[in-house]
Structures are given as C-alpha cells and as structure tokens.
Amino acid sequence: MSAIWNFFFPHRGNNHKAQIIKASSLFVLTFLFLVLQVGLNFFVLAKPSVLGFSSNITPERIIELTNLERSKLGLADLKLNQLLSEAARQKAADMFAFNYWAHVSPSGRTPWTFFTDAGYKYQYAGENLARDFRDPEAVIRAWMNSPSHRENVVNEKYQEIGVAVVDGSLQGVETTLVVQLLGTPYGAISKPVEKAAPKPAEKPVVAELPKEEEQQTQPVETVPVETLGEKKQSVLTSPLDLTKALVIFVIGVLIGAFAIDILVVSRRDTPRISSHSLAQMMFLLFVLVAGLLIKGGAIL
Amino acid sequence: MKIIFEDIKEHFVHYLVLLFLLASGGLAFFYFQRFPQAQIVSAFLTASFYVLWGVIHHYLEGDLHLRVVVEYMAVALLGFLVLFTLVNRV
C-alpha cells in the first residue's frame with residue numbers, strides 16, 4: 001500500500017513528487033514500452049493466428065459501395081466482369097508473391113499487363129489499390145477522399161469492374177489487399193465525352209502510373225493463387241489495437257498522476273523545482289488524442 | 001479546477017503558446033495520416049518544440065534547472081516513441 005502511495009502521491013518521503021512522474025521512472029517506462037513493442041513484434045511472427053490482421057471486406061461490398069458513390073453523381077453502375085476479377089486476383093497474388101506495394105511490379109509489369117493476361121481487351125483501364133483496412137466503407141472513403149482515386153471511382157468512361165480481396169503477408173506484415181480494376185471493353189459504345197474521341201488502351205487517370213508502353217510478347221507466368229478471397233480465421237486482436245490499448249493505459253495513468261500532483265502540491269503550496277504538471281498533462285493529452293486518431297490503411 | 005485556472009491565468013501567454021504548439025502538431029499529425037514519415041517528423045518536431053517551450057518558460061520564470069529540462073525531455077521522449085510505434089504499426 002505504501003508503495004502505491006509513494007508511486008502516485010506526492011509527500012515528504014518522495015520529495016513532494018510522485019515517483020511515477022519523476023524523470024527516472026519516465027525513462028524506465030519508456031524503456032519498458034519499447035521492450036514490450038519488440039516482444040510484440042516477435043509474438044506476431046511466432047503466433048500470427050493469435051495476433052495479426054483481419055478484416056471484413058468482401059469484393060461484393062466494395063462493388064456495391066463503388067456503385068453507390070457513382071449513383072450519387074447520376075452515373076451508371078459498373079458491371080461485375082469475371083475477367084477483371086481474375087486480373088485483380090492475379091495482381092494481388094503477384095504483389096504477395098514478389099512482395100511489393102506498387103502499381104508497377106519490380107519486374108516492370110504494369111497493371112495493364114494483368115488486364116490483357118486475363119483476356120480483357122480494354123478501351124479504358126484503371127486501378128485502385130488499398131491495404132490494411134478493416135472495413136469496406138473505410139476503403140471507399142479513403143479512395144473518395146483522394147482526388148486521383150476518386151476520379152477512377154466516378155469516371156463515366158468505365159463500364160465494368162473487378163475486385164479482389166486477398167489476405168497475406170506483405171513486406172513482413174499480415175494484411176488484406178484490395179485490388180479494384182475498372183475498365184471498358186475495347187469497342188464498347190461509350191457515352192459521349194467532352195474531350196476528343198477515346199483512344200484504344202487509354203491510360204487511366206491515376207497520375208502516378210507510367211505511360212503505357214508496347215509490351216513484348218513473352219510468356220507470362222501467372223502466380224498460382226491459393227485460397228483467393230477466402231478469409232482467414234479471425235485473429236484475437238491486432239498489434240495496432242493492442243498497442244493502442246497499452247498507450248491508453250500508460251498515458252491515462254500518467255495524466256492521472258500529474259492531475260493528482262497539481263491538486264496536492266498546489267493546495268499545499270509546496271515550493272519545489274519541477275516541471276509544470278499542467279504542461280506535462282497537456283502534452284500527454286496531445287499524445288493520447290493523436291494516438292487514438294491513428295487509422296489503419298493505405299491506398300495507392 | 002480553481003488551482004488550474006489560477007496557474008493558467010498566471011502564465012496565460014505561455015500556456016497559449018503551448019496550446020498553439022500542440023494544436024499545430026496535432027493538426028499536422030492528422031493531416032499527414034496517409035504519410036507515415038511526415039507523421040513521424042510532425043511528432044518529433046512537436047516533442048522537440050515542447051522541450052524548447054519548457055526551457056524558455058522556466059528560464060523566463062527564473063527557475064531553469066537541469067532536472068526540470070530532463071523531466072520535459074523524459075515526457076517528450078515517451079510521447080514521441082508512443083506515436084512513432086503507433087505510426088509504424090499501421
């Protein structure tokens with residue numbers, strides 16, 4: 001009991017400053033936090049079924065939400081095309097197999113290669129990627145909040161869609177990849193557009209992609225796709241959620257300790273050389289709020 | 001609460017500067033949420049400026065001491081490492 005008193009309450013015995021908010025304890029706390037994080041990384045590698053990443057994203061829901069956004073602007077729904085879905089699956093498998101997060105693979109395979117390899121002859125083609133999201137709504141929201149991705153989603157040139165949602169390990173991290181391919185088949189009648197007549201195989205509006213080049217005819221190895229679209233068994237929790245819980249606990253306890261310090265020391269009017277507990281509280285609140293607002297997920 | 005308000009009233013401008021600093025850091029951190037490296041830089045700069053605020057504040061108050069600086073650095077380091085870890089977990 002006296003240990004708790006010494007740790008959290010300022011009194012003469014601890015030089016009128018709670019042990020937990022002294023610099024030495026804070027450095028120890030920092031060290032323990034780092035050790036725990038390193039331990040967590042090892043645990044994730046050893047037991048991915050317990051501590052990993054899982055999501056409730058399905059291709060059907062992504063397509064539904066995409067068409068919902070389009071309908072808000074009076075655009076026609078995109079029709080599901082199995083060839084595009086297959087191309088999306090191949091793209092996701094390729095990213096996992098060759099461990100990259102990019103539109104163009106390290107070997108130079110452009111997204112359009114996956115379209116043509118799946119047998120889809122396109123007039124217009126586009127690709128949106130997403131990873132580490134938990135729910136489909138967050139994926140669509142992220143794409144719609146990005147001008148270039150939004151342009152793909154609500155582009156009136158596109159008529160068909162294919163989506164793949166695949167779990168795997170990318171760059172050492174368990175994740176869910178979402179590949180959205182949009183296209184218009186070659187020769188399809190498209191709505192009149194303001195600009196000049198569309199050219200065959202026009203580059204999509206994703207600005208980051210390089211210009212399309214003539215592809216040499218080489219036999220392309222398709223990566224065998226196993227358990228595509230199958231969801232893994234849900235994990236207990238994710239490292240991010242566990243870390244957030246730990247952060248809430250540690251920062252919460254420290255804020256409480258500083259609050260007690262303010263109340264007790266100010267009331268007693270104890271003279272001491274110390275940092276301002278109120279300022280420390282404000283900084284820790286900033287850390288807590290910033291940490292809680294961190295969202296998972298990345299788009300490309 | 002009265003004690004807290006009195007403390008703020010006594011050092012109003014200083015706390016206003018601190019609030020601005022933390023609010024700016026928070027906004028930058030949120031703005032760069034899709035850019036982890038920028039988030040880490042924001043967190044580092046906020047933590048660094050926080051320590052600087054502490055040094056300047058106590059210097060102006062006439063009670064600057066190495067122990068005080070170390071305390072601000074300890075909290076800043078913990079805060080930065082917490083955010084660094086969370087950003088890398090995303």
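Let's start with a helix on a sheet: α4 of chain A, residues 82-97, lies across β1, β3 and β4 of chain A and runs at about 20° to β3(A). Keep in mind as you look around that this is a predicted model.

What sheet does that helix lie on? It is an open one of five strands with mixed pairing, in the order β1-β3-β4-β2-β5 of chain A. Find β1 (79-80) and β5 (298-299) at the edges: each has a single partner strand, so one side of each is left without a neighbour in the sheet. Another helix, α3 of chain A (residues 59-72), also packs on the sheet, touching β1, β3 (160-170) and β4 (173-185) of chain A. The direction of α3(A) makes about 135° with that of β3(A).

Now follow β2 of chain A, residues 122-131. On one hand, β2(A) pairs with β5(A) in the antiparallel sense over two bridges. You can pick out the partners here: A:Arg131 stands opposite A:Ala298, and A:Ala130 stands opposite A:Ile299. On the other hand, β2(A) runs antiparallel to β4(A), and nine bridges join them. In that pairing, A:Glu127 stands opposite A:Leu181 of β4(A). Is β2(A) enclosed or open to the outside? Nine of its ten residues are buried, so β2(A) is largely enclosed by the rest of the structure.

Step back to chain A as a whole. Its secondary structure comes to nine helices and five strands, and from the N terminus on the elements run α-α-α-β-α-α-β-α-α-β-β-α-α-β. Of its 300 residues, 37% count as buried. If you take the contacts in chain A with a separation of 6 or more, residues 24 or more positions apart account for 78% of them.

Chain B is another story. There are four helices and zero strands in it, so to speak an α-α-α-α run from the N terminus on. Buried residues make up 33% of its 90 residues. Among its contacts between residues at least 6 apart in sequence, 50% join residues at least 24 apart.Within chain B, look at α3 and α4. Their axes come within 9 Å and cross at roughly 170°, and α3(B) and α4(B) are therefore roughly antiparallel to each other. The residues that make this contact include B:Ala43, B:Phe44, B:Ala47 and B:Tyr50 of α3(B), along with B:Tyr72, B:Met73, B:Ala76 and B:Phe80 of α4(B). By class, the contact of α3(B) with α4(B) has 17 nonpolar, four polar and no charged residues.

Next, see how the two chains meet. The contact takes 37 residues from chain A and 33 residues from chain B. On the chain B side, α1 (2-10), α2, α3 and α4 each supply at least two residues. Which helix gives the most to that side? That would be α4(B), with 17 residues. Sorted by class, the side of chain B that touches chain A has 20 nonpolar, seven polar and six charged residues.

One of the places to zoom in is where α4(B) meets α9(A). The axes of these two helices come within 10 Å and cross at roughly 0°, and that makes α9(A) roughly parallel to α4(B). From α9(A) come A:Gln280, A:Phe283, A:Leu284, A:Val287, A:Ala290 and A:Gly291, which meet B:Val75, B:Gly79, B:Val82, B:Leu83 and B:Leu86 in α4(B). By class, this contact of α9(A) with α4(B) has eight nonpolar, three polar and no charged residues.

Some of those names come back in the largest nonpolar core. Of its 40 residues, A:Phe283, A:Val287, B:Val75 and B:Leu83 touch the most other members. The elements giving two or more residues to this core are α2 (23-46), α8 (239-268) and α9 (277-292) of chain A, together with α2 (12-31), α3 (36-61) and α4 (66-89) of chain B. Here, too, α4(B) gives the most, with twelve residues. Take A:Val287 as an example: leaving aside residues up to four places away in sequence, A:Val287 touches A:Ile251, B:Gly79, B:Val82 and B:Leu83. There is also a second, separate core of 37 residues, and A:Leu129, A:Ile140, A:Tyr158 and A:Leu182 are among its members.

Note on methods: Residues numbered from 1 in each chain as written. Chains lettered and ligands numbered in written order. Predicted model: local features only at pLDDT ≥ 70, side-chain atom pairs only at ≥ 80, totals over all residues. Core = buried A, V, L, I, M, F, W, Y, C linked by C-beta atoms within 7 Å. Buried ≥ 20, exposed ≤ 12 C-beta atoms within 10 Å, placed from the backbone. Contact = placed C-beta atoms within 7 Å. Nonpolar A, V, L, I, M, F, W, Y, C, P; charged D, E, K, R; others polar. Axes fitted to C-alpha atoms, helices over the stretch in contact; angles between N-to-C directions. Parallel < 35°, antiparallel > 145°, perpendicular 65-115°, else oblique. Pairing = 2+ DSSP bridges.
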